[in-house]
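Dear colleague,

Please find below the structure that I am handing over to you. My notes on it follow directly after.

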Amino acid sequence: MNIMYYGHSCFGVEVGGKHLLFDPFISPNDLAKHIDITKIPADYILVSHGHGDHVADAVTIAKRTKATVIGAYEICNWLEKQGVENLHAMNTGGKKAFDFGFVKCVKAEHSSSMPDGTYGGNPLGFVIESAEGNFYYAGDTALTYDMKLIGDYRKINFAFLPIGDNFTMGPENAIIACDFINCKDIIGMHYDTFPPIKINHEEAINKFNMAGKKLTLLKIGETITK
Ligand code: NI
Ligand code: MN
């Protein structure tokens with residue numbers, strides 16, 4: 001799997017020959033000014049919840065690419081009103097087969113409203129199961145005991161976890177989340193973008209190392225292969 005980092009909680013993941021794009025928030029991100037959103041490929045756009053720092057570029061990219069947007073029912077309704085054509089509504093606990101693999105929607109302990117204040121339904125995390133491996137994209141979430149269920153039913157090869165604290169988990173709780181999901185290989189997200197979530201990278205990486213886990217902090221625009 002190729003993983004592209006577009007800043008904040010936005011990643012592209014190439015799996016099963018398809019381009020998945022998670023939580024597109026690029027054009028309002030001062031740290032991601034060098035990313036050209038007209039070049040980002042997407043066959044599917046997965047939206048974890050309705051907050052602006054997760055949906056800002058969803059409509060623009062969906063209209064250009066004709067990607068199918070996967071998200072909570074309420075988010076899909078809102079996107080339809082913005083003129084997005086291809087939508088696949090899901091909700092907590094639901095699993096569905098797509099042409100790249102399975103998407104399972106899991107609980108995120110957070111809130112969800114759209115940028116205009118419309119109710120956004122349940123905030124979600126996504127577990128992607130594919131022939132190339134499984135990963136967990138946590139969205140915005142606190143540490144929650146429900147994460148134990150995620151690692152019980154399949155092997156999680158790597159996970160995207162929020163580590164910026166203040167609005168979500170910070171590094172200490174993300175380390176506990178690693179034990180809950182039974183996965184040691186973490187890609188950090190939801191840090192540095194805004195003043196309350198600025199973190200010390202070295203300190204966070206060291207904390208993970210000390211706990212026997214690996215935290216990768218990608219450069220915005222960087223691509224890695226898993
Ligand atoms: Ni949020
Ligand atoms: Mn957020």
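Asp140 has a relative accessibility of 2%, and because buried means under 20%, this residue counts as buried. The model is a predicted one, and the values below should be read with that in mind.

Asp140 bridges two metals, the nickel ion (ligand 1) and the manganese ion (ligand 2), which lie 3.0 Å apart. His51 and Asp140 also tie together parts of the chain that are 89 residues apart in sequence, because His51 lies in the loop between β4 (44-46) and α1 (52-55), whereas Asp140 lies in the loop between β10 (133-137) and α4 (147-153). His51 is buried as well, with a relative accessible area of 19%.

Which protein atoms hold the nickel ion (ligand 1)? Its donors are His49 (NE2), His51 (ND1), His110 (NE2) and Asp140 (OD), at 2.2 to 2.3 Å from the ion. Along the chain, these donors follow the spacing H-x1-H-x58-H-x29-D.

Why is the arrangement around the nickel ion (ligand 1) irregular? The 4 donor atoms subtend angles of 88 to 177°. Four donors count as tetrahedral if all angles lie between 85 and 135 degrees, so the upper value of 177° rules out that label here. For reference, the ideal angle for four tetrahedral donors is 109.5 degrees.

The manganese ion (ligand 2) is coordinated by Asp53 (OD), His54 (NE2), Asp140 (OD) and His190 (NE2), at 2.1 to 2.2 Å. The spacing of these donors along the chain is D-H-x85-D-x49-H. Asp53 lies in helix α1 and His190 in the loop between β12 (185-189) and α6 (201-210), so this pair ties together parts that are 137 residues apart in sequence. Both residues count as buried: Asp53 has a relative accessibility of 13%, and His190 has one of 0%.

Turning from the metals to the nonpolar interior, the largest nonpolar core has 77 residues. Those with the most contacts inside this core are Phe126, Tyr136, Phe160 and Leu161. Helix α5 (residues 171-181) supplies the largest share of the core, namely 6 residues.

What does Tyr136 touch, leaving aside its neighbours within four places in sequence? Its contacts include Phe126, Phe160 and Leu161, which are also listed with Tyr136 among the residues with the most contacts in the core. Tyr136 is further in contact with Val106, Val127, Met147, Ile150, Ile156, Phe158, Ala159 and Ile181.

Yours sincerely

How values were computed: Residues numbered from 1 in each chain as written. Chains lettered and ligands numbered in written order. Predicted model: local features only at pLDDT ≥ 70, side-chain atom pairs only at ≥ 80, totals over all residues. Heavy atoms only, no water. Donors = N, O, S within 2.8 Å, 3.2 Å for Na, K, Ca; no water. Tetrahedral: all angles 85-135°; square planar, octahedral: opposite > 155°, others 65-115°. Helix = DSSP H or I, 4+ residues; strand = E, 2+ residues; numbered from the N terminus. Buried < 20%, exposed > 50% of the residue type's maximum accessible area, 1.4 Å probe, protein only. Core = buried A, V, L, I, M, F, W, Y, C linked by side-chain atoms within 4.5 Å. Contact = heavy atoms within 4.5 Å.
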